[in-house]
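User: I have a model on screen and want to learn how to read it. Can we go feature by feature?

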Amino acid sequence: MRRITQPDTARLADFVPAALFALLAVATVLVVAMAAPAKGQMAVVFPPMTSELTAWALVRQAGGLIVAPTQLPNVVVAYAPDETFQSRVQSLGALFLFAAEGLCAPSANED
């Protein structure tokens, strides 16, 4: 008598390496696409408990200009006048710098 067996089904663990590779590829594309320019407008992200006034003061202390606030108090759209602004603002506590275009818009007052 012939025994009928079920076809091998792929286990979830078999897909983990492919899923990790796909996640890494997407993350790489996002990082490259959202990288802050050497100078010009960029979003400067400070630690979550940083107040808006403190974030503004740190951007100014690093030599940048405030372009606009955002919906989050710890994120500021700043203008970097030179290529060394990023290192200066990071030394003052900024966590991340991103291209401002498409990422954050200035907060709008709906009157």
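User: Let's begin at the surface. How much area does the chain expose, and what share do carbon and sulfur atoms supply?

Analyst: Keep in mind that this is a predicted model. The chain exposes about 8,200 Å². Carbon and sulfur atoms supply 64% of that area.

User: How many residues of the chain count as buried, as a percentage?

Analyst: Burial is judged by relative accessible area, and under 20% is buried. Here 24% of the 111 residues meet that test.

User: Next, the fold. Which elements does the chain have, and in what order do they run?

Analyst: Count first, then read from the N terminus. The chain holds 3 helices and 4 strands. Their order is α-β-α-β-β-α-β.

User: What share of the contacts joins residues at least 24 apart?

Analyst: Take contacts between residues at least 6 apart in sequence. Of these, 67% join residues at least 24 apart.

User: Now the interior. Which residues of the largest nonpolar core touch the most other members?

Analyst: The general idea comes first. In soluble globular proteins, nonpolar side chains tend to be buried together. In this chain, the largest nonpolar core has 15 residues. Met42, Val44, Phe46, Val59, Phe85, Val89 and Leu97 touch the most other members. At least two core residues come from each of strand S1 (40–45), helix H2 (52–61), strand S3 (75–80) and helix H3 (85–91).

User: Take one of them. What does phenylalanine 85 touch?

Analyst: Skip its neighbours up to four places away in sequence. Phenylalanine 85 then touches Met42, Val44, Val59, Ala62, Gly63, Gly64, Ala78, Ala80 and Leu97.

User: How do I read the sides of a helix? Which residues of H2 are buried?

Analyst: Look down the axis and see where the buried residues point. In H2 they are Ala55, Leu58 and Val59. They fall within an arc of 100 degrees, so they line one face of H2. The face turned away carries the exposed residues Leu53 and Gln61.

User: What covers the buried residues of H2?

Analyst: The cover includes strand S2 (65–69), S3 and H3. Look also just after H2: glycine 63 takes a positive phi of about 95 degrees there.

User: Helix H1 next. Why does its length agree with what a helix should span?

Analyst: Compare the expected rise with the end-to-end distance. H1 covers residues 12–33, which is 22 residues. At 1.5 Å a residue, H1 should span 32 Å, and its end C-alpha atoms are 31 Å apart, so the two agree.

User: Where is the kink in H1 centred?

Analyst: On alanine 18. The kink is about 25 degrees.

User: Which residues after H1 show how distant parts of the sequence meet?

Analyst: Look at the loop between H1 and S1. Methionine 34 sits there. Its relative accessible area is 26%, so methionine 34 is partly exposed. Methionine 34 and alanine 99 are 65 residues apart in sequence, yet their C-alpha atoms are 5.2 Å apart. Alanine 36 lies in that loop too. At 19% relative accessibility, alanine 36 counts as buried. The C-alpha atoms of alanine 36 and alanine 99 are 4.1 Å apart, with their positions 63 residues apart along the chain.

User: Which residues does alanine 36 touch?

Analyst: Beyond four places in sequence, alanine 36 touches Met42, Gln86, Leu97, Phe98 and Ala99.

User: And alanine 94: buried or exposed?

Analyst: Check its accessibility, then its contacts. Alanine 94 has 8% relative accessibility, so it counts as buried. Its place is the loop between H3 and strand S4 (96–99). Leaving aside neighbours within four places, alanine 94 contacts Val44, Val45, Phe46 and Val89. Alanine 94 and valine 45 are 49 residues apart in sequence but 5.7 Å apart, C-alpha to C-alpha.

User: Last one. Where is serine 87?

Analyst: Serine 87 is in helix H3. At 48% relative accessibility, serine 87 counts as partly exposed. Its C-alpha atom is 8.8 Å from that of alanine 62, 25 residues away along the chain.

Key: Residues numbered from 1 in each chain as written. Predicted model: local features only at pLDDT ≥ 70, side-chain atom pairs only at ≥ 80, totals over all residues. Heavy atoms only, no water. Buried < 20%, exposed > 50% of the residue type's maximum accessible area, 1.4 Å probe, protein only. Contact = heavy atoms within 4.5 Å. Areas by Shrake-Rupley, 256 points an atom, 1.4 Å probe, with all protein chains shown as cover. Core = buried A, V, L, I, M, F, W, Y, C linked by side-chain atoms within 4.5 Å. Arc of directions from axis to C-beta. Expected span 1.5 Å × (residues − 1). Bend = angle between axes of the 7 residues up to and from the residue.
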